[in-house]
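Open the model in your viewer and keep the selection panel within reach. We will go stop by stop, with something to pick at each one.

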Amino acid sequence: MKKPNIVILGAGYGGMMTAVNLQKAIGLNDATITLVNKNDYHYQTIWLHENAAGTLEQERSRIDIKNILNMQKIKFIKDTVVSIKPKNHKVKLEDGEIDYDYLVIGLGFEAATYGITGLKENGLMINDLSSARLIREHIEYNFAMYNQEKDKDQAHLNIVICGGGVTGIEFAGELVDRIPNLCAEFDINKPQVRVVMIEEASTILPGFDQQLIDYTMNSLESRGVEIITEAKVKECTSASIVYKKDGEQIEIPTFTTISAAGIRANRIVEQSGFKMNAGKIEVRQDMRTLEYNNVFVVGDCALTSENNPENLLSPTAQIAIQQAETVAHNLKTLIKGKGKIVDFQPRTIGTVASLGNDDAVGIFMKDRKLFGWKATVMEKIIDNHYLYKLGGVKLMIKKGKFNFFY
Ligand code: FAD
């Protein structure tokens, strides 16, 4: 009998952990497993804000796929997915086409721009390692240019962050940690640099506990971030950002606008005709799409909820990793023809948002709040634990963060 073909799209948290779990659960004779990713490396998306601010080297976030997966068991294809044809069980790649019996979609997120004029064209997004590198180099270039020009243009030194959610505040925290060194390196007077965060809601971190919000506001403002809430970004050009607050339209000259307004699933999934809800693929409890019994979705492409459909889960690495366990288990069950298909049960242990090198906020076990170095330590433990799950002690020691105290 022909071995079933399992194809996994995307080597992010969801795709990689599905592959890691499957290579343990399924024997060589049970199925052919293929992983497709546009790069031959996996990256730590949760550290991209550090790469973008320049506080962490790119190399630290980059993990070669061949060093993690057993290449005897998993076939790796370095290629870019163009579209999925679920009715024909095919995936179109830039360089060919592949068939599948079972498909796992883990193509991740892209920045949502919510129709803000010019944001897609002129804003910088923290999407992947190369976009993070671009932000770092763009900021350095603008600091260098400032002193090169006769009429020193303040737009070089104004950095505007659109969105005060987790990505926005994490990037701001790292950036203000780096600014003193940047100023020293490029001969800039620190007070000349402006870092502005614009948030539409009445507070940053909307939906978070008030004490965590207050702590975050204090931490960022005390290090120089100007936080503007209840302000709607109207337009982003290559040299400015325009927002509206209290009925007044205000313009900030800037060559650097970071879009952290929100995320949506990779556009490819919508273009491939899957049923979407809130920018993501609607899935059943067992992580299969509503329409296809042989198509699973993991991570930021999937819309999942906790307890009731109203209670949507935030897209996090933690959730993607847990979903990968469910998907691998269900694939094993379908392929071996024994056992039970299970539903995805999120275990939300806690959430931590970093505010820089030695500061963070977090919530654990539903209501335990952590601030400052305690939250930082917890964040590093979570990050190291993921590296351990992915590639064992060796990877954890090579890439992990162990500078717990400063
Ligand atoms: P991703 O990790 O985005 O991986 C998608 C993969 O698909 C990538 O390898 C990509 O190269 C590949 N791919 C994309 N398109 C194609 C294509 N067309 N063809 C082939 N391959 C393709 N979550 C937390 O839990 N804790 C945090 O502290 C945290 N901090 C964050 C900080 C930042 C700055 C950001 C941006 C996100 C953060 N998140 C955090 C969210 C978390 O990173 C995401 O929820 C998680 O990465 C989702 O995993 P994923 O597997 O769905 O996709």
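Start with the shell around the ligand: by class, it holds 13 nonpolar, 17 polar and four charged residues. Keep in mind as you look around that this is a predicted model.

**Stop 1: the ligand and its shell**

Which residues come nearest to the ligand? Of the 34 residues around the ligand, select Gly10, Gly12, Gly108, Gly299 and Thr316, which come nearest. Next, colour the elements that each supply at least two residues of the shell: α1 (13-25), β2, α2 (48-53), α6 (166-186) and α9 (317-336). Now switch to colouring by domain, and you will find that domain 1 (5-111 + 263-347) and domain 2 (119-259) each contribute at least three residues to this shell.

**Stop 2: the domains**

Give each domain its own colour: the assignment lists domain 1 (5-111 + 263-347), domain 2 (119-259) and domain 3 (349-406). Place a centre on domain 1 and another on domain 2, using C-alpha atoms, and the separation is 32 Å. Where the two touch, 14 residues of domain 1 are in contact with 17 residues of domain 2. On the domain 1 side, pick α2, α3 (58-61) and β10 (109-111), the elements that give two or more residues to it. Which of them gives the most? It is α2, with six residues. If you colour that side of domain 1 by class, five residues come up nonpolar, six polar and three charged.

**Stop 3: the five-stranded sheet**

Show strands as a cartoon and select β5, β2, β1, β9 and β22, which in that order make up an open sheet with parallel pairing. The edges belong to β5 (74-78) and β22 (295-297); each has a single partner strand, so one side of each is left without a neighbour in the sheet. Looking across the sheet, you can see that neighbouring strands are turned by 20° against each other on average, direction ignored.

Zoom in on β2 (residues 32-37) beside β5: the two run parallel and are joined by five bridges. For a residue pair to label here, take Leu35, which stands opposite Phe76 in β5.

**Stop 4: two helices side by side**

Hide the strands and keep α1 and α9, two of the elements that supply the ligand shell. These helices pack at an angle of about 35°, and their axes are 8 Å apart. Is the crossing left-handed or right-handed? The crossing of α1 and α9 is right-handed. To see the contact, show side chains on α1 for Tyr13, Gly14, Met17, Thr18, Asn21, Leu22 and Ala25. On α9, add the partners, including Ala317, Ala320, Ile321, Ala324, Val327, Ala328 and Leu331. Counted over both helices, the residues of this contact divide into 11 nonpolar, four polar and two charged.

**Stop 5: the three-stranded sheet**

Finish with β15, β16 and β17, which form an open sheet in that order with antiparallel pairing. Here β15 (232-236) and β17 (248-253) stand at the edges with a single partner strand each, so one side of each has no neighbour in the sheet. From one strand to the next, the twist averages 25°.

Select β16 (residues 240-245) together with β17 and trace the six bridges that join these antiparallel strands. As a last label, mark Lys244, which stands opposite Gln249 in β17.

Definitions and conventions. Residues are numbered from 1 along each chain as its sequence is written. This is a predicted model: local features need pLDDT of at least 70, side-chain atom pairs count only at pLDDT 80 or more; totals for chains, interfaces and linings use all residues. Two strands pair if DSSP finds at least two bridges between them. Helices (H or I, at least four residues) and strands (E, at least two) are DSSP runs, numbered from the N terminus. Axes are lines fitted to C-alpha atoms, for helices over the stretch in contact, and angles run from 0 to 180 degrees between N-to-C directions. A residue is near a molecule or strand if its C-beta atom, placed from the backbone, lies within 6 Å of it. Ala, Val, Leu, Ile, Met, Phe, Trp, Tyr, Cys and Pro count as nonpolar, Asp, Glu, Lys and Arg as charged, and the others, Gly among them, as polar. Domain bounds come from an automatic or database domain assignment. Two residues are in contact if their C-beta atoms, placed from the backbone, lie within 7 Å. A crossing is left-handed if the near helix is turned anticlockwise from the far one by less than a right angle, and right-handed if clockwise.
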